[in-house]
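Welcome! Here is a short briefing to help you find your way around a new structure, one topic at a time.

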Amino acid sequence: MPQGKDKKTHGILAMAGLEPYQEKQGEEYMNDAQRSHFRRILEEWRRQLRQEVDRTVHHMKDEAANFPDPVDRAAQEEEFSIELRTRDRERKLIKKIEKTLQKIEEDDFGFCDSCGIEIGIRRLEARPTADQCVDCKTLAEIKEKQMTGA
């Protein structure tokens, strides 16, 4: 069994090829280095999403065939429909990433929109577009669940 901690980077950080931010003792929250770290994460994530959108467009153009068999045609249409829904979600995510990048530029990033406290470095690394702290997000989800009657 290994002695040291085996830290594995997952999710968005791994996709961006970055390591988790190492906070220094006494470091001010959301200083220039931290904002720069999140800017790199968000820009890389946006770049990858845009590549995926472009890849889908090329794939759909290449795969657009007129199948004589209605079952084959229906299967292709279903596949295209699924890809288009996925790309639509990704376009919405790109807009959210751009909104978050704007918050970084305005020095308004990393604080809860509801209560104003620090969201936290680790939460933001897991979900860089988060705009609420864990407590406010949990409360909002409970309220939403109660409103829908689920």
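What follows is a friendly tour of a few spots in this model. Please keep in mind that the model is predicted. We begin with two stretches named in a database record, then turn to cysteines, a glutamate and a pair of rings.

**Annotated regions**

- An unreviewed UniProt entry lists residues 108-140 as "domain: Zinc finger DksA/TraR C4-type".
- In the model, residues 108-140 are 39% helix and 0% strand, and the C-alpha atoms at the two ends of this span lie 21 Å apart.
- UniProt also gives the annotation "zinc finger region: dksA C4-type" (unreviewed entry) for residues 112-136.
- For residues 112-136, the end C-alpha atoms are 8 Å apart, with 36% helix and 0% strand along the chain.

**Cysteines**

- A disulfide is a covalent bond that joins the sulfur atoms of two cysteines.
- Searching the whole structure turns up zero disulfides.
- Cys133 is in no disulfide, and its nearest cysteine sulfur belongs to Cys136, 3.6 Å away.
- Because a disulfide needs sulfur atoms within 2.5 Å, the 3.6 Å between Cys133 and Cys136 does not qualify.
- Looking from the other side, Cys136 is likewise in no disulfide, with the sulfur of Cys133 as its nearest.
- Cys133 has a relative accessible area of 5%, so this residue is buried.
- Cys136, at 17% relative accessibility, counts as buried because the limit is under 20%.

**Glu125 and its surroundings**

- Glu125 sits in helix α4, which spans residues 121-126.
- With a relative accessibility of 6%, Glu125 is counted as buried.
- What does the side chain of Glu125 reach at 2.6 Å? The partner is the backbone nitrogen of Tyr21.
- Setting aside neighbours within four places in sequence, Glu125 touches several residues, including Ile12, Leu13, Glu19 and Pro20.
- His37 and Phe38 are also among the contacts of Glu125.

**Aromatic rings**

- The structure has two aromatic pairs.
- One of them is formed by Tyr29 and Phe111, whose ring centres are 5.2 Å apart.
- The planes of the Tyr29 and Phe111 rings meet at 85°, so the pair is edge-to-face.
- This pair links distant parts of the chain, as Tyr29 and Phe111 are 82 residues apart.
- Tyr29 lies in the loop between α1 (11-16) and α2 (32-63), while Phe111 lies in the loop between α3 (70-105) and α4.
- Tyr29 is buried, at a relative accessible area of 12%, whereas Phe111 is partly exposed, at 29%.

Note on methods: Residues numbered from 1 in each chain as written. Predicted model: local features only at pLDDT ≥ 70, side-chain atom pairs only at ≥ 80, totals over all residues. Heavy atoms only, no water. Helix = DSSP H or I, 4+ residues; strand = E, 2+ residues; numbered from the N terminus. Buried < 20%, exposed > 50% of the residue type's maximum accessible area, 1.4 Å probe, protein only. Polar contact = N/O pair within 3.5 Å; in protein donor to acceptor, adjacent residues only side chain to side chain. Contact = heavy atoms within 4.5 Å. UniProt positions renumbered as here; feature names shortened; annotations may be inferred. Phe/Tyr/Trp six-rings, centres within 6.5 Å; stacked < 30°, edge-to-face > 60°.
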